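Reader: Please choose one part of this structure and take me through it closely, in a single connected account that starts from a loop residue and works outward to its surroundings. I would like the reasoning behind each assignment to be spelled out wherever a cut-off decides it.

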Amino acid sequence: AEKNRALKHVQFPLVWRKKKNEVLINFIERYNHVQSSRVCSCGQCNDVFEVSSWMKQGKNSTDWGLQCHTCYDCTGHICQECEEGFCQDCRKQFCEDCCTTMRCEMCQ
């Protein structure tokens, strides 16, 4: 049986995200384009959802280059309605099963 080889999670170092070079910008645009064709199931509510932007791209955003809709711990998918576990310190998204507070275990 062939294994699922889909790329589920990308995390860039803060130094790269601050620099925002052309190669990284192009990668994020291509990644968003490919991922936008995926239909995913939310690990929290089991709803099926599609998203047009998996990586945040706001020009002046401190969250630029962060992946959304994916738990940084278990790499499960999270729909917009269930996205609540965003750690304000390390800027990572977590599902409710992996982190139930506003700060992840690493930052507490």
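Author: Helices and strands are here DSSP runs, of H or I over at least four residues for a helix and of E over at least two for a strand, numbered from the N terminus. The model is a predicted one, and its secondary structure amounts to 2 helices and 4 strands, which follow one another along the sequence as α-α-β-β-β-β.

With these elements named, the part to examine is the surroundings of Asp-63, a residue of the loop between β2 (48-49) and β3 (85-86). Asp-63 counts as buried because its relative accessible area is 12%, and buried means under 20%. When neighbours within four places in sequence are set aside, Asp-63 is in contact with Arg-17, Lys-56, Phe-86 and Arg-91. Of these contacts, the one with Lys-56 is also a salt bridge, whose closest N and O atoms are 3.9 Å apart. A salt bridge requires a side-chain nitrogen of Lys or Arg within 4 Å of a carboxyl oxygen of Asp or Glu, so the pair meets the criterion. The structure holds 1 salt bridge, and its two partners fall into separate classes of accessibility: Lys-56 is partly exposed, at 26%, whereas Asp-63 is buried, at 12%.

The next residue along the chain, Trp-64, leads to two further sites. One of them is Lys-20, which is found in the loop between α1 and α2 and is partly exposed, with a relative accessibility of 26%. Although Lys-20 and Trp-64 are 44 residues apart in sequence, their C-alpha atoms are 8.6 Å apart in space. Beyond four places in sequence, Lys-20 touches Trp-64 as well as Ile-25, Gly-58, Lys-59 and Ser-61. Over the protein as a whole, contacts between residues 24 or more positions apart account for 38% of those with a separation of 6 or more.

The other site reached through Trp-64 is Ile-28, which, again beyond four places in sequence, touches Phe-12, Met-55, Gln-57, Trp-64 and Gly-65. Ile-28 brings us to the nonpolar interior: the largest nonpolar core has 13 residues, and Phe-12, Ile-28, Phe-49, Trp-54 and Met-55 are those with the most contacts inside it. Helix α2 (residues 22-35) gives this core its largest share, 3 residues. Apart from this core there is another, of 9 residues, which includes Cys-71, Tyr-72, Phe-94 and Cys-99. In soluble globular proteins, nonpolar side chains tend to be buried together.

Phe-12, already named as a contact of Ile-28, also belongs to the aromatic part of the picture. The structure holds 4 aromatic pairs. One of them joins Phe-12 and Trp-16, with the centres 6.3 Å apart and 35° between the planes, and this pair is tilted. Phe-12 is buried, at 12% relative accessibility. Phe-12 also pairs with Phe-27, where the ring centres are 5.8 Å apart and the planes stand at 90°, so that this pair is edge-to-face. Since Phe-12 lies in the segment before α1 (14-19) and Phe-27 in helix α2, the edge-to-face pair ties together parts that are 15 residues apart in sequence. Phe-27 itself is partly exposed, with a relative accessibility of 28%. Together with Trp-16 and Tyr-31, Phe-12 and Phe-27 form one aromatic cluster.

The cysteines remain to be considered. A search of the whole structure finds 0 disulfides. Cys-42 is accordingly in no disulfide, and the nearest cysteine sulfur, that of Cys-79, is 3.7 Å away. For Cys-79 in turn, the closest cysteine sulfur is that of Cys-82, at 3.7 Å, which is too far for a bond, because a disulfide needs the two sulfur atoms within 2.5 Å. Both Cys-42, at 1% relative accessibility, and Cys-79, at 2%, count as buried.

To place these sites in the whole, buried residues make up 33% of the 108 residues in the protein, and the protein exposes about 7200 Å², of which carbon and sulfur atoms supply 49%. Asp-63, where this account began, is among the buried residues.

How values were computed:
Residues numbered from 1 in each chain as written. Predicted model: local features only at pLDDT ≥ 70, side-chain atom pairs only at ≥ 80, totals over all residues. Heavy atoms only, no water. Core = buried A, V, L, I, M, F, W, Y, C linked by side-chain atoms within 4.5 Å. Buried < 20%, exposed > 50% of the residue type's maximum accessible area, 1.4 Å probe, protein only. Contact = heavy atoms within 4.5 Å. Phe/Tyr/Trp six-rings, centres within 6.5 Å; stacked < 30°, edge-to-face > 60°. Areas by Shrake-Rupley, 256 points an atom, 1.4 Å probe, with all protein chains shown as cover.
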